[in-house]
Amino acid sequence: MALTAFLAMVRKDLRLFLSDRRAVIVAFAVPIFIGAFIGAITGGSTREGRPKVNVALADQDGGAVSQAIVDGARADDNLNVTVTSEADARDRVEKGTIAVGVIIPRGFGDGSTRALREQGGTRPELAIVYDPSRTIEVGLVQGVMTQHIMQAVARAAGVPRQQLPFGVSTAALTAKNAPYAGYNSYAHSFAGMGIQFLLFSALNLGIEMLVERERGLWSRLRSAPISRFTIVGGKIASMTIISLMTLLVSFGFAMIAFKVRIAGSLAGFLAVSIACSMMAAGFGLLIAALGNSPKTARGVSTLASLVMVMLGGAWVPTFVFPKWMQQVTLVVPVRWAVDGLDATTWRGLGLSSAVMPTVILLAFAALFTAISLARFRWEEA
Amino acid sequence: MLEVRNVRKSFGSLVAVDDVSFAVEPGKLTGLLGPNGAGKTTTVSMIAGLARPEKGSVLVSGKALSGDTDPLKRKIGLVPQDLALYDELSARDNLRYFGALYGLSGQALERAMHAALTLVGLADRAGDRVKTFSGGMKRRLNLAAGLLHDPEILLLDEPTVGVDPQSRNAIFDNLEELKRRGKALLYTTHYMEEVERLADRIVIIDHGKVVADDTLAGLYAGVTPGGAKSLESVFLTLTGRSLRD
């Protein structure tokens, strides 16, 4: 009888979830939309080429040297160059539509060639203007432009091209032997949004339990000859399934539309996903246990969810956090979920990389459930 | 069939129910009356297994009810005051869920659903979502959900709140039929005329204690001898006229 009741509870929760159009949209469509947006603005896929810095380049000199500089910049893999006037370059930077503006002043080619030959005298000045919110890009542009100017001026001055006394090799490092490994910002953004919205799904189910209590449905359930274990087990099962559906649908879309791949361990990916869904189910149960009314519980639990996903690196990767915050956020379950999914997707790591996140997420699930059981109001009067 | 024996329940310093005893016989309807906060709902909750008595016991067929999974709970059906139904599901899906809570499945569940829906006159609307139902239809489905597992005892907590006279009359007909089938019914309400019409015995509680337990005729004779012959006057005589907000 316990199994019949258990299955009926799970089936009922799934039916209610799927019959609620708003809940389905929030669970499936919204994370896809936001994940796609964040993935696009944070770099896309490395397999599509590295992201380039947009530069507005104004050539006021118009000579052979400056033309060689412009040609070099346009051919550079790091830059996306738009040749324009000085006024337009400054206007674009001021308005924030472009990160960096480079102005080659009149007489720059002759002046710099002369300065190189004579190793002294007046040196012409290259003007670089930049958006103060984009300081990382300006350093990169300055370095790249220096390289192209040195090549063009040395050639004009007849000076042998200076060679660096060393070579540099760069490689984006992910797991060896993982055929699809490579940073794909969509993998991270869809993991983050999937986790955020699976938490929202679990939160809604927790609040639904409070609604059931208000509407007398809980009384009907408790008056049946069913154990508390069956009731809690049924709720955890339905919350886990719905949370897992939220995450997997989101990831499935990312795999089809944005070439996200589980480059590492599939078993590890599934283990982290299931453990994360169970953690979310525990969180939903906690809301049902601690909440007084659906209205008050919704506000507090939404705030708690947002703080968890923010600190857990679901919005932006935790490596951009200050060092101390990276340590502090280890106590946030979402952090382990994001790290585990990153490890098994674009980092291409094996099953061992998923063990610790899975164990810790299950521990959080157990902790949340234990607190819920201790605080749950079982009696109705 | 159902015997409530010296039950007590308190919440902090508030004693909600104190030494309450009464019985409900098969084929009879017992009306449980009391002002707001008198302890009616707490008493019903203890009988339904939703709350555990601190003292005393609830006996079903002579055996004490104990624990969440006590099979004796199968003999009790609860019809809560709230419309305890899922609006987004159909009437059939609601009953399928509530039946499964009592272990019903397959053909047995289908037969039970058909019988319950036919009794309350909703068989032709079984596939419709509850949110499309009128208040009276929801009340009747609420009753059907409590009857699904064919309990011997039915606890009805204000089952006619907010329904039109037609639906109320239909519910009364259902209750008369259930009495004829030998069910023991415990009925709480604030509507005195309902109890006058339906009840074989009346229990009045106030401040958590039983202040009267008799037939309607017995109450008239004992409480207002020679006075007004209405249950409301009996009720007000026993519980006073001060407001209970």
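Which elements of chain A make a right-handed β-α-β unit? In this predicted model, the unit is built from strand 1, helix 3 (residues 64–75) and strand 2 of chain A. A good place to begin is strand 1, since several features of chain A come together there.

Strand 1 of chain A covers residues 53–59, and five of its seven residues are buried, so this strand is largely enclosed by the rest of the structure. Here, a residue counts as buried if 20 or more other C-beta atoms lie within 10 Å of its own. Strand 1 of chain A pairs with strand 2 (residues 79–83) of chain A through five bridges, and the two run parallel. Within this pairing, A:Ala56 is found opposite A:Thr82 of strand 2. Strand 1 of chain A is also joined by five bridges to strand 3 (residues 100–104) of chain A, again in a parallel arrangement. In that pairing, A:Asp59 faces A:Ile104 of strand 3. As a helpful rule for viewing such elements, side chains in a regular strand alternate between the two faces of the sheet.

Turning to chain B, the overall picture can be described in a few numbers. Chain B contains eight helices and ten strands. Its C-alpha atoms fill a box of roughly 55 × 40 × 35 Å along the principal axes. The radius of gyration of chain B is 18 Å, which agrees with the value near 18 Å for a compact globule because that is what 245 residues would give. Of the 245 residues in chain B, 45% are buried. Finally, among contacts in chain B between residues at least 6 apart in sequence, 69% link residues at least 24 apart.

Notes: Residues numbered from 1 in each chain as written. Chains lettered and ligands numbered in written order. Predicted model: local features only at pLDDT ≥ 70, side-chain atom pairs only at ≥ 80, totals over all residues. Helix = DSSP H or I, 4+ residues; strand = E, 2+ residues; numbered from the N terminus. Rg over C-alpha atoms; globule rule 2.2 N^0.38 Å. Buried ≥ 20, exposed ≤ 12 C-beta atoms within 10 Å, placed from the backbone. Contact = placed C-beta atoms within 7 Å. Pairing = 2+ DSSP bridges. Right-handed = clockwise from strand over helix to strand, strands pointing away.
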